[in-house]
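Reader: Hey, could you walk me through this one?

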Amino acid sequence: MDLGIAGKRALVSASSKGLGLGCAEALAEAGVDLIMTARGADALEASAEAIRAAHGVSVQTVAADVTTEEGQARVLEAAQGVDILVTNAGGPPPGMWSDWDREDFIKALDANMLTPIAFMKALLPGMMDKGWGRVVNITSQSVRAPIAVLGLSNAARTGLTGYVAGTARQVAPNGVTINNLLPGIHSTDRAVSLDSGVAGQQGISLDEAKAAREATIPARRYGTRQEFGAACAFLCSQHAGFIVGQNILLDGGATNMTM
């Protein structure tokens, strides 16, 4: 399917690896020029070069901590006039309700709520002026079904979801859509981190921890960055203009709910 977005420009956050990289790869395959961000310059440039070689699109990299004012300013300077924004950030550390203090919540909010909001606030006006734009926020399945040990993520990402619910309806008349992708467990560093924690707590191997988690997923496997990226690219396409303010699960059926 021709996604109809060749020649568009996209900012993809935290895109040196994992789900962000999957989105960047899928957009590049559709002919979209990229601005990729991440904290680690080496991994970021390696991923960017691989995308340039594979798809022949323009890829600009900005190594920055986007939770800081300086980092945001550098990224937004490069991203002015983009047609597509994909926000993404690693999840906060797991724990119990009694483990977290105010500073822990502030860090989670900065990464998983306030930074995406800042990017939208800065870039939406340009999209609205052009009469076309796409925003996809990578959040989590925990927005639909909270995960007890991920309370920091539950709180911050649900806050972002509430913001998007109202904002998406306000910008849709200008041809701009905002939607959220809610990943379950995918084969990324985050999954390894979570499985390692379980392995340590239960005194089992990493493979055993992964197998136990896979058994709870109806698809009986973890997702891949490639299939996640394909879903992201579709939401960014010309075919998705009537999808507004939605929270779309990509979790292999793990979230057990009717709607």
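Author: Below we talk about cores and strands. This is a predicted model, where local features need pLDDT of at least 70, side-chain atom pairs count only at pLDDT 80 or more, and totals for chains, interfaces and linings use all residues. Residues are numbered from 1 along each chain as its sequence is written, and side-chain values use heavy atoms, with hydrogens and water left out.

Reader: Cool. How many residues are in the largest nonpolar core?

Author: The largest nonpolar core has 33; such a core is a set of buried Ala, Val, Leu, Ile, Met, Phe, Trp, Tyr and Cys residues joined through side-chain atoms within 4.5 Å. Buried means under 20% relative accessible area with a 1.4 Å probe, protein chains only. Ile 5, Leu 27 and Val 86 are among those with the most contacts inside this core.

Reader: And which helix gives the most to this core?

Author: Helix 1, with 7 residues. Helices here are DSSP runs of H or I, at least four residues, and strands are E runs of at least two, numbered from the N terminus.

Reader: Switching topic: how is strand 1 joined to strand 2?

Author: By 4 bridges, and the two run parallel; pairing takes at least two DSSP bridges. One partnership puts Arg 9 with Asp 33 of strand 2.

Reader: Why is strand 2 largely enclosed?

Author: Because 5 of its 6 residues are buried by the rest of the structure.

Reader: What does strand 2 do with strand 3?

Author: They pair in the parallel sense over 5 bridges, and Leu 34 has Val 59 as its bridge partner in strand 3.

Note on methods: Buried means under 20% relative accessible area, exposed over 50%, partly exposed in between (1.4 Å probe, protein chains only).
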